[in-house]
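Let's take a walk through this model together, from a single side chain out to the whole chain. Keep the viewer open as you read.

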Amino acid sequence: MGRSLRAVALIVLAGCLAVAAGCARSDTGETLGNGVKLVKKGKLTVCTHLPYAPFQSRDDSGRVVGFDIDLIDLVAKRIGVTQEIVDTPFEGIKSGQDLNSGKCDLAAAAMTITEDRRKALDFADPYFDATQALLVATGKPYRTLADLRGRKVGAQASTTGEDYAKKYAKESGYEVVSYRDLAAEQQALATGQIDGAINDYPVWTDYLKRNPGRFAVAANFDTGEKYGYAVKKGGNPKLVEAINAAIAQARTDGTYKTLYEKWIGPMP
């Protein structure tokens with residue numbers, strides 16, 4: 001009987017704690033006066049996937065910096081909060097899972113807008129025109145995908161670069177090797193595990209700056225891609241409006257151009 005009473009007491013206590021925890025979680029978020037919903041009070045919580053320089057990566061001090069980070073700072077400032085970064089696998093970002101679970105308010109990960117992704121995410125207006133490119137070691141004779149017949153071509157998993165590599169793999173006769181992140185793909189190329197690597201062109205230009213003379217862009221592929229920031233599907237329309245307004249203002253007042261040239265290079 002004593003054990004039964006203690007068991008009941010423990011169950012009741014556990015229930016109280018669970019309720020308290022649930023209340024605590026819900027109380028951490030807020031809805032701003034402009035209608036923007038936040039999962040954490042006073043913070044614009046942003047899911048990204050590191051590293052992906054020049055859009056987002058850690059500097060020598062460990063701070064997350066990059067083109068996306070600076071642009072989202074403008075959004076955070078506009079709605080009166082500060083940005084907080086959450087580093088998470090890209091699959092959870094593009095699928096909408098991280099936004100649906102309340103891990104973050106906004107996805108900023110140099111993410112290409114696609115029709116499939118639109119089914120799971122609400123995208124703000126495009127903010128960057130992107131193309132794919134093939135990187136090879138300096139001195140290698142590869143100039144086209146067909147030149148890599150019988151070779152291995154690396155790509156980052158769950159990206160449009162991987163989609164592009166797989167699309168032409170059969171006709172060009174190369175094997176696609178997928179890597180969970182950009183750093184692993186770069187390392188594979190640097191150590192000769194693969195003969196070429198496909199990813200977004202701005203990523204390779206940044207890598208070339210940090211590794212002068214070691215690699216070269218063999219080919220560019222104009223895929224018509226555009227990047228967009230995303231929020232929970234149907235869940236935060238006012239945040240989408242704030243993103244669009246902040247980017248539009250940045251384009252008008254010259255801030256966008258300044259940040260582009262800081263992180264990417266001369267604007268086309």
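**Starting from one arginine**

Let's begin at Arg-210, which is partly exposed with a relative accessible area of 48% (buried is under 20% relative accessible area, exposed is over 50%, and partly exposed lies in between, with a 1.4 Å probe and protein chains only). Before going further, a word on what you're looking at: this is a predicted model, where local features need pLDDT of at least 70, side-chain atom pairs count only at pLDDT 80 or more, and totals for chains, interfaces and linings use all residues. Residues are numbered from 1 along each chain as its sequence is written, and side-chain values use heavy atoms, with hydrogens and water left out.

Back to Arg-210, which makes a salt bridge with Asp-206, with 2.9 Å between the closest N and O atoms (the rule asks for a side-chain nitrogen of Lys or Arg within 4 Å of a carboxyl oxygen of Asp or Glu). The two sit four residues apart in helix H9 (residues 201-210), so about one helical turn separates them. Helices here are DSSP runs of H or I with at least four residues, strands are runs of E with at least two, and both are numbered from the N terminus. Asp-206, unlike its partner, is buried, at 13% relative accessible area.

How many salt bridges does the rule give? The count comes to 14. Another of them pairs Asp-98 with Lys-103, where the closest N and O atoms are 3.4 Å apart. Asp-98 is buried at 5% relative accessible area, while Lys-103 is partly exposed at 36%. Then there's Lys-233 with Asp-122, also a salt bridge, at 3.4 Å from N to O. This pair ties together distant parts of the chain: Lys-233 is in the loop between strand E14 (230-232) and H10, Asp-122 is in strand E8 (residues 121-123), and their positions lie 111 residues apart in sequence. Lys-233 is partly exposed, with 42% relative accessibility.

Now for the nonpolar side. In soluble globular proteins, nonpolar side chains tend to be buried together. The largest nonpolar core in this model has 50 residues, and Leu-44, Phe-67 and Phe-128 have the most contacts inside it. A core here is a set of buried Ala, Val, Leu, Ile, Met, Phe, Trp, Tyr and Cys residues joined through side-chain atoms within 4.5 Å. Helix H10 (residues 237-253) gives the most to this core, seven residues. Apart from this core lies another, of 15 residues, including Leu-134, Val-136, Val-153 and Tyr-164.

Phe-128 is worth clicking on. Not counting residues up to four places away in sequence, Phe-128 touches Phe-67, Tyr-256 and Ile-264, among others (contact means heavy atoms within 4.5 Å).

Phe-67 also belongs to helix H2 (residues 67-79), whose 13 residues should span 18 Å and whose end C-alpha atoms are 19 Å apart, which agrees; the expected span is 1.5 Å times one less than the number of residues. Among the buried residues of H2 are Phe-67, Asp-68, Leu-71 and Val-75. Right after H2 comes Gly-80, with a positive phi near 85°.

Finally, zoom out. The protein chain holds 11 helices and 14 strands, and 46% of its 268 residues are buried. Of the contacts between residues at least 6 apart in sequence, 69% join residues at least 24 apart.
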